Amino acid sequence: MGKLKKIQPNEWYIFGSSIFIPEKAKDVDIVLFFEHKNNKVVQSKMKVLKMDFKLKFSCNLHDTIFYQNEQEQYQNFIDYNEYK
């Protein structure tokens, strides 16, 4: 995901049905963690990325985003989703 690098998340993972049964998955779920708080820039770039993803792969990209002040919630989310 080269375009994901432009958004510059500190960490990101793909999770959900696209990992277990990619041929049947109707979408791709992604979780991202950012150490900064500029969520307006991130949201704007994610909107473009999701449109590009839909055009290229004909499926939706669903994002779950955490920022520095949500680090504990992010870690809990990652720990709960052991398959990533």
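In which helix is I19 found? In this predicted model, I19 lies in helix α2, which spans residues 17-20. With a relative accessibility of 34%, I19 counts as partly exposed, because that value falls between the 20% and 50% limits that separate buried from exposed residues. Together with F20 and I21, I19 forms a nonpolar patch on the surface, and the accessible area of these three residues taken together amounts to about 270 Å².

Helix α2 belongs to a protein with four helices and three strands, whose elements follow the order α-β-α-β-α-β-α when read from the N terminus. Along the principal axes, the C-alpha atoms of the protein fill a box of roughly 35 × 30 × 15 Å. The radius of gyration of the protein is 13 Å, which agrees with the value near 12 Å that a compact globule with 84 residues would have. Of the 84 residues in the protein, 30% are buried.

Strand β2, comprising residues 27-34, is mostly covered, in that eight of its eight residues are buried. In a regular strand, side chains alternate between the two faces of the sheet. In the case of β2, both faces are covered: one side carries D27, D29, V31 and F33, the other carries V28, I30, L32 and F34, and all of these residues are buried.

The pairing of β2 involves both of the other strands, in opposite senses. With strand β1, which covers residues 11-15, β2 pairs in the antiparallel sense over five bridges, and W12 has L32 of β2 as its bridge partner. With strand β3, which covers residues 60-67, β2 pairs in the parallel sense over eight bridges. Within this parallel pairing, D29 has H62 of β3 as its bridge partner, and V31 stands opposite T64 in β3. Between β2 and β3 the chain passes through helix α3, which spans residues 39-57, and the resulting β-α-β crossover is right-handed.

Helix α3 and strand β3 are also connected through their side chains. Side chains of opposite charge can pair when their charged atoms come close. The structure holds one salt bridge, formed by D63 and K50, whose closest N and O atoms are 2.9 Å apart. This pair links distant parts of the chain, since D63 is in strand β3 and K50 is in helix α3, 13 residues apart. D63 is partly exposed, with a relative accessible area of 23%, and K50 likewise counts as partly exposed, at 31% relative accessibility.

Several residues in the loops were also examined. K24 is found in the loop between α2 and β2, where, at 61% relative accessibility, K24 counts as exposed because its value is over the 50% limit. K24 and N38 are 14 residues apart in sequence, while their C-alpha atoms are 35 Å apart in space.

Two further loop residues are notable for their backbone angles. Most residues other than glycine have a negative phi. Q8, by contrast, has a positive phi near 60° although this residue is not a glycine. The position of Q8 is in the loop between α1, which covers residues 2-7, and β1, and Q8 is exposed, with a relative accessible area of 59%. S58, which is not a glycine either, has a positive phi of about 55°. S58 is placed in the loop between α3 and β3, and at 63% relative accessibility S58 counts as exposed.

Methods: Residues are numbered from 1 along each chain as its sequence is written. This is a predicted model: local features need pLDDT of at least 70, side-chain atom pairs count only at pLDDT 80 or more; totals for chains, interfaces and linings use all residues. Side-chain values use heavy atoms; hydrogens and water are left out. Patches are made of residues with over 30% relative accessible area and no salt bridge: like charges are joined within 9 Å, nonpolar side chains (Val, Leu, Ile, Met, Phe, Trp, Tyr) within 5 Å. Accessible areas come from the Shrake-Rupley method with a 1.4 Å probe; for residues, only the protein chains shown count as cover. A salt bridge is a side-chain nitrogen of Lys or Arg within 4 Å of a carboxyl oxygen of Asp or Glu. Helices (H or I, at least four residues) and strands (E, at least two) are DSSP runs, numbered from the N terminus. Buried means under 20% relative accessible area, exposed over 50%, partly exposed in between (1.4 Å probe, protein chains only). Two strands pair if DSSP finds at least two bridges between them. A crossover is right-handed if, with the strands pointing away from the viewer, the path from the first strand over the helix to the second runs clockwise. The radius of gyration is taken over C-alpha atoms; the globule rule is 2.2 Å times the number of residues to the power 0.38.
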